[in-house]
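Reader: I should be grateful for a close look at a single residue of this model and at the parts of the fold around it. Please present the account as one connected description.

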Amino acid sequence: VDLSGPTSPLAGWLRALGFAPLELGPAWGGSGADPADDPLDVDTASLDVLTRVHPGGCGSGDVDATLASASWALRTGGVLVLTLPVGDDDPDWAVRPADVRGVLARADDLGLGLVGDVDASVTARMRRAATVAATAGGDAPAYGILRLTFRRR
């Protein structure tokens, strides 16, 4: 299931490989913009892969609902891939670099193990990118994109 919406590059790649992804989005396929108001309508432990990738990735307001849905919708060994905006300038959309560890801890509590590692150098690079973007000027908030992959235990 690709929850990233019709502009998702992942869905296009999957179709090119001969798969038929189920695309839901941009608001989880339902009427509201909040996943808590529009829960994923699939059977428990019925999915192998669940994605929310940029440009329709998770924001700070819906990452917890995405993790919670993945925890019951994915089969054991299933994979969640999401992109998360990270930055200090837009708390309604982006997660602060200091809060990334909290996202990882919540995922772990829900039975979703991180594939790979997010180490201190990643946090330093996120902060550096935000600083460079801020000094470049412009009115738009600056944030980076962090791709996280989890496997359901």
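Author: The place of Thr51 is in strand E1, and the description that follows starts from that residue in what is a predicted model. Thr51 counts as buried because its relative accessible area is 3%, below the limit of 20%. Once neighbours within four places in sequence are set aside, the contacts of Thr51 are with Val1, Asp2, Leu3, Ser4, Leu10 and Val81. A further relation links Thr51 to Thr149: the two lie 98 residues apart along the chain, and their C-alpha atoms are separated by 9.2 Å.

The wider setting is as follows. The protein contains 4 helices and 4 strands, arranged along the sequence in the pattern α-β-α-β-α-β-α-β. Of its 153 residues, 39% are buried. Among contacts with a separation of 6 or more, 70% join residues 24 or more positions apart.

Strand E1, which holds Thr51, also contributes to the largest pocket, where its 4 residues form the largest share of the lining. That pocket encloses about 260 Å³ of space. Its lining comprises 15 residues, of which Val1, Asp2, Leu14, Pro21 and Val49 are the closest to the centre. Val1 and Asp2 were already named among the contacts of Thr51. Helix H1 (9-16), E1 and E2 each supply at least two residues of this lining. By class, the lining of the pocket consists of 10 nonpolar, 2 polar and 3 charged residues.

The model also has an enclosed space. In general, rolling a probe the size of a water molecule over the atoms shows where empty space is left. Here there is 1 cavity of 30 Å³ or more, and the volume of the largest cavity is about 30 Å³. Its lining is formed by His54, Gly57, Cys58, Thr83, Leu84, Pro85, Trp93 and Ile145. Strand E2 gives the most to this lining, with 3 residues. The cavity lining has 5 nonpolar and 3 polar residues, and no charged ones.

From these spaces the account turns to the packed interior. In soluble globular proteins, nonpolar side chains tend to be buried together. In this model the largest nonpolar core has 27 residues, and the members that touch the most others are Leu50, Leu67, Leu80 and Phe150. Two or more residues come from each of E1, H2, E2, H3, helix H4 (120-135) and E4. The greatest contribution to this core, 5 residues, is that of E2.

Leu67 belongs to helix H2 (residues 63-73), in which Val63, Thr66, Leu67, Ser69, Ala70, Ser71 and Ala73 are buried. The cover over the buried residues of H2 includes strand E1 (47-52), strand E2 (74-86), H3, strand E3 (112-114) and strand E4 (144-152). For Leu67 itself, leaving aside neighbours within four places in sequence, the contacts are Leu80, Leu82, Val103, Arg106, Ala107, Leu110, Leu112 and Phe150.

Val103 and Ala107 lead on to helix H3 (residues 100-109), whose buried residues are Val100, Val103, Leu104 and Ala107. Viewed down the axis of H3, these buried residues fall within an arc of 100°, so they line one face of the helix. Just after H3, Gly111 adopts a positive phi of about 85°.

On the other side of H3 in sequence, Asp99 is found in the loop between E2 and H3. Asp99 counts as partly exposed because its relative accessibility is 40%, between the limits of 20% and 50%. Asp99 and Gly87 are 12 residues apart in sequence, with 9.9 Å between their C-alpha atoms.

One loop residue remains, and it returns the description to the segment before the starting strand. Ala45 is located in the loop between H1 and E1. Most residues other than glycine have a negative phi. Ala45, although not a glycine, has a positive phi of about 55°. With a relative accessible area of 39%, Ala45 is partly exposed, whereas Thr51 in the strand is buried.

Technical notes: Residues are numbered from 1 along each chain as its sequence is written. This is a predicted model: local features need pLDDT of at least 70, side-chain atom pairs count only at pLDDT 80 or more; totals for chains, interfaces and linings use all residues. Side-chain values use heavy atoms; hydrogens and water are left out. Buried means under 20% relative accessible area, exposed over 50%, partly exposed in between (1.4 Å probe, protein chains only). The arc is that of the directions from the helix axis to the C-beta atoms. Contact means heavy atoms within 4.5 Å. On a 1 Å grid over the protein atoms alone, a cavity is a set of points where a 1.4 Å probe fits but cannot get out, and a pocket is an open set with protein on both sides within 12 Å along at least five of seven lines; lining residues have an atom within 4 Å of a point. Grid points are joined across faces, edges and corners, and a volume is the space filled by probe spheres set on the points. Ala, Val, Leu, Ile, Met, Phe, Trp, Tyr, Cys and Pro count as nonpolar, Asp, Glu, Lys and Arg as charged, and the others, Gly among them, as polar. A nonpolar core is a set of buried Ala, Val, Leu, Ile, Met, Phe, Trp, Tyr and Cys residues joined through side-chain atoms within 4.5 Å.
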